[in-house]
Amino acid sequence: MSGLVHGAQYAVMIVSSLLAVIAIGIWFERKFAGRMQSRLGPTIVGPVGLLQPLADVVKLLQKEDIVPKDADRALFDLAPLLAVLFSLGAAAVVPFSPTAVAADLDIGVLFILAIGALMVIPTFAAGWASNNKFALLGGMRAVAQSVSYAVPLVLVVMVPVILSGSMRVSEIVTFQSEHHWFAVWPIIPGLPAFALFFIAMLAESNRIPFDIPEAESELVAGITTEYTGAKFVLFYMAEYVHTLVGSAVGAALFLGGWDGPFKPGLHWMVLKTLLLFTAVYWVRWTLLRFRSDQLMDLCWKRLVPIAVGLVFLAAAWVQFVPGAR
Amino acid sequence: MTAWLSALSFLVVSTLVGAGMLVAARILRVRARAAASELKTRTYECGEEPAGMAWMQFHARYYVVALFFVVFDVEAVFLFPWAVVLRELGVGAFIAAVGFVLVLMLGWLYALKKEALQWQ
Amino acid sequence: MTEGLQSARRGAIDPHLSIRHYDADADLMLLHFGPQHPSTHGVFRMDLYLDGEVIVKATPFLGYLHRGVEKLCEKLTYVQQTPVVDKNDYVSPMINEQALNMAFEKLLKLEVPRRARWLRTLLAELQRLASHLLWLGTFTLDLGGALGGGSTLFLHCFRERELILDLFEELTGSRFHYNTHTIGGNRHDLPAGLAAKVEVALAAIAARLGEYEDLSLGHAIFQARTKGVGTLDSDLALELGITGPILRASGVDHDLRRDAPYHAYDELTVNVATEHAGDCFARASVRFAEMRESIRLCRAVLEGLPEGPIAASKAVRLPTAVKIASGQVYVGIEGPRGEIGTFVIAGGDTPTTPYRLKIRAPSMHALAAIPYVMPGATLSDAVAILGSLDPIMGEVDR
Amino acid sequence: MGVFSYWIDTARALRTTLRNAFRPPTTVEFPAVIRPRAERYRASFALVDDENGECACVACQACEKICPSQVIKMKSGGKRESPVTGKKRAYADEFVLDLSACMQCELCVQVCNNDAIVMIREPEEPAYTRADLVFDMAHLRDNAHTKTATWANGTRLQEMQEGKKVPKAKPEPKPEPKPEPKPEPKAEPKPPTEGGTP
Amino acid sequence: MSASIGFGFVAACAVLSALFVVRVKNLVHAALWLGVTLIATAGLYAMLDASFLAGVQVLLYVGGVSVLMIFGVMITRKHDGLVVEAESTSGPRGVFAAVGLFAVLATSIVMTPELDGAVAVETVTARHLGRSLLVDHVLAFEVVSLLLLIAIIGAVVLARRRDHGVERKELPAPRREEVSS
């Protein structure tokens, strides 16, 4: 019972701060993208446009709810809710500071992967339930993509597990703060594993160059083509949440989490997460997108063998490098 | 168990966020005076009359990809227990896992050679 | 794999045969791609028959933007038509005006003053540069998405295109409806100091071309998306009447600026860029080379711009100022998308209006390639191919 | 090799976008800031007064006839004595210009022998209905007083094409008034047909 | 007390959703209900403190197997214009089989002597699993890889047969009168 209460307390704290960060993150992204494109970004709503994301959400909430008559109503309504649930869910096991963790599961890493794997359900449901060709194509592409990239993701996530000998995320972070951050040392499985994790995270959260499911120049709006109003907001939010939580996971697993010079704590975790978050958007507003077959080739022909190799490098490091134990 | 309960309540709170948004929209949103017209609820297909339903047949390669995913995930699932005890068990466990994965990568090589990993 | 797809793979789909010939059971998914679609470059529709994501057959449908410009021109007098044709190829209005007025001048056997010809060359090259910039922007927008890297390059290109539009604004007073050409010359002369501003703008654009290459042509993802996609061989291109960068990308060394010089091109050397692959990447690199060449030509024109009058005759004061009794003529010039031509039969109801006026739009011919190059490509490729053909629906539908 | 080229190219592209992020943005926040418009910039219309404070338009219909989209309609008031100078001149009773159909081709300005119709540089004349974009004479005359005229008027445009005078770079706040009353355009000798074979 | 309420809830979810899997006519819905069943099963594992198993259950079965099901539905047959429907034709036989299976399982559970009264449940973690896999059952561990290899080969064969094994009809020679629509 105490677990329920503890979880609920931390959930409210973590979820609300994640949403707040996302509101600012959207603003920041739009400003950053604007500057990269020689624009100003939002300027009108609030000081320097800070309230723009809020205004957008309120505007979208007011929109009429239109459901296509050929849609599968129940799934159509359920999909956005599940999208938010599964994108937020992984944050449950991420320690933001030594104490700020909602549920410190002993299989934390596996939990993150499992929740991530569940994300295909709302994506497919949305694509299928819309009964729209663009949505269905987007949904099927998305499922195939996220299922494929789950393989290198699972494998590279194993690298910190091997190095630290635990699947509990907080233990991985503690191990890093006692030794070195995994992205820094051992540099050979560590840094490439981090890079691979970043790529797989981009793919899992459908960010350019992997934004196949909503490739709007091909599929209009992909799975969200038929969605209006609040349900669209949920998908939109889920996308950002997915990226943010993915960044937090990356910061915890590879960048030492809350550890940092001077005074370890929450602020370092937030800083690292936001840096990764920014990097995602920097990449997003720079690159073009892959074609779906190139994506699959990249995953199965390059990333999977590299990931397997990294797993063994990490294992060999643990086994044969003196002092690694 | 306690941690699982915490995770459960976290998931419940996450759902509440989404549900709250939907409820807020129900209060805030504009309602059309008239019943939605046929045109309004028609499926979007670039402004043309949609040609048939969207629920059509997909290519078998989707299935193959899912199959590969399951196989590799099973591999990973077997490796996770190995990963956590690697430190304690020594070289024997390392070699066992190398053998395990090498056999699987043989399958991967076979698939590569037979172009089963080709998306098109 | 369906029969249709196998045929598409073999390149054996005959666009003239009904899809039922290949797909009797209607196994394929018919997808209306357009008219209301983000990457159809206006209102254009393709009916795509898809096997999964692979296109088996593509049928283009035109006419959503038809405005009857040719018929309108038959009702308007010769001097009134220039502002109307501005809207045909709405990315390069200058070239439209030139093609139209040159046809009338040829009918009238009117000698255009040398300064006007050089000025027209300058305008044409600046317009080509602006048009290619817009093409590059929209092409990467198709490849990269409005919420991604595509839109970054898109806005960069628009930023630089804006410099050219500013120059046009200073010269003609308008950013789009220039109406600066008239029968026998130009209506506006260069204002003082504009030549220096052109230099500045050209320098700015030339400096940024390298950045564009970083984001597009030189990037591995761009190459992966465009190389070997939408290959058009030279025979088919010639048969379809395709001209301009698309033809040159297929290996045909043909450029009216060099092969049938007009304006000041007989006094300048034009280096024609060609590629041999005929795919989207070749088309992109030809256009990139043309941008560089246009900058060079603009500079050459500015250097040698002669003094003198800018129009051969008195300024127009009445709609009936130009009368052509009879005769017919075709004049084609090299626009950014290929040969843009005007065919006029003079001598309608009145000597001041043409009996028939036909505009040859290069984009129209480019779109004719769609049924041939689309089969076998994926839906993602379709967007890339369409972008690389650079159709402007305004001039296709007229 | 393939994989590395992706990394290198991506690094270069990221550097390019970052460099752009530190360039000054080119956006002009339009309603708050209006970027300077070229002195030839043509947007809307005005009917200019002559030096006596009367409308310079004499309803010669040259602009009405040349307009390709036929947006100008006018009604001649005939010749009458000017209340200011006492001399006889022609007046326009009504002058209606439908801006919603206008394509700003400047032909009406070019053909105006009295330099009466000019274009102005401010396009900020939005309206809620199309009818509001149909300007009457009062509105057009008012524009001449409240807005900036472009460099071009009939005389200047004609002279530039005919090479009589090198166009001046400096804009003048108001078009030059014409001292002598213009003759009726009907009476004017027909411009020579340019090389046409009659 | 609360634990048994929780157990009852999760078990009810599992049973009900399993019923839906069987009874729902829309195949896509059935596949998604199967996902719910599998998640509920994972919940049962979690309640038994089998954390690793619960995680694996979600990752593999919900993320993998139900996707496999969905893809299976999407590729099996053409259903342009109609909702995928499936009617079970072997209801009574299915009920009979289910009841029989239940009877066998229940009997064996009841007959098991160790289950008399409370048994101390030892928490099995991934660490235990790893040790037992790599120390006691190394051979089984290696054999599993062979099994997976066979699965891969099967998938490859499946992928290839789909492309090349289908008998092709010869296309009739194109006739010009069949002008496109």
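Me: Let me start with one residue: does Ala46(D) count as buried or exposed?

Reply: Buried means under 20% relative accessible area. Ala46(D) has 1% relative accessibility, so it counts as buried. Do keep in mind that this is a predicted model.

Me: Good to know. Where in chain D is Ala46(D) found?

Reply: Look for strand β1 of chain D, which covers residues 44-47; Ala46(D) is part of that strand.

Me: And which residues is Ala46(D) in contact with, leaving aside its neighbours within four places in sequence?

Reply: A contact list shows what packs around a residue beyond its own stretch of chain. For Ala46(D) the list holds Ala116(D), Ile117(D), Val118(D), Ile120(D), Leu140(D), Asn143(D) and Ala144(D). Sequence distance and spatial distance are separate things to read: Arg12(D) is 34 residues from Ala46(D) in sequence, and their C-alpha atoms are 53 Å apart in space.

Me: How should I think about a nonpolar core?

Reply: In soluble globular proteins, nonpolar side chains tend to be buried together. Here, Ala46(D) is in a second, separate core of six residues, which also includes Val118(D), Ile120(D) and Ala144(D).

Me: How many residues does the largest nonpolar core have?

Reply: The largest one has 366 residues. Those with the most contacts inside this core are Ile162(A), Trp300(A), Phe68(B), Phe80(B), Trp82(B) and Phe95(D). Take Phe68(B) as a case to click through: apart from residues up to four places away in sequence, it touches Trp300(A) from chain A, Ala111(B) and Leu117(B) from chain B, and Ile152(E), Ala155(E) and Val156(E) from chain E.

Me: Since chain E came up, what does its secondary structure come to?

Reply: Chain E has six helices and zero strands. Of its 181 residues, 29% count as buried. Its accessible surface is about 11,400 Å², with 70% of that belonging to carbon and sulfur atoms. Contacts are worth a look as well: among those in chain E with a separation of 6 or more, 54% link residues 24 or more positions apart.

Me: Now for empty space. How many cavities of 30 Å³ or more are there?

Reply: The count is 13, and the largest cavity has a volume of about 300 Å³. It is lined by 26 residues, and the closest to its centre are Ile112(A), Gly116(A), Leu153(A), Glu204(A) and His242(A). The elements giving two or more residues to this lining include α6 (133-164) of chain A and α3 (51-76) of chain E.

Me: Which classes of residue make up the lining of the largest cavity?

Reply: The lining has 19 nonpolar, six polar and one charged residues.

Technical notes. Residues numbered from 1 in each chain as written. Chains lettered and ligands numbered in written order. Predicted model: local features only at pLDDT ≥ 70, side-chain atom pairs only at ≥ 80, totals over all residues. Heavy atoms only, no water. Helix = DSSP H or I, 4+ residues; strand = E, 2+ residues; numbered from the N terminus. Buried < 20%, exposed > 50% of the residue type's maximum accessible area, 1.4 Å probe, protein only. Contact = heavy atoms within 4.5 Å. Areas by Shrake-Rupley, 256 points an atom, 1.4 Å probe, with all protein chains shown as cover. 1 Å grid on protein atoms, 1.4 Å probe; cavity = no way out; pocket = protein on both sides within 12 Å on 5 of 7 lines; lining within 4 Å. Points joined across faces, edges and corners; volume = space filled by probe spheres on them. Nonpolar A, V, L, I, M, F, W, Y, C, P; charged D, E, K, R; others polar. Core = buried A, V, L, I, M, F, W, Y, C linked by side-chain atoms within 4.5 Å.
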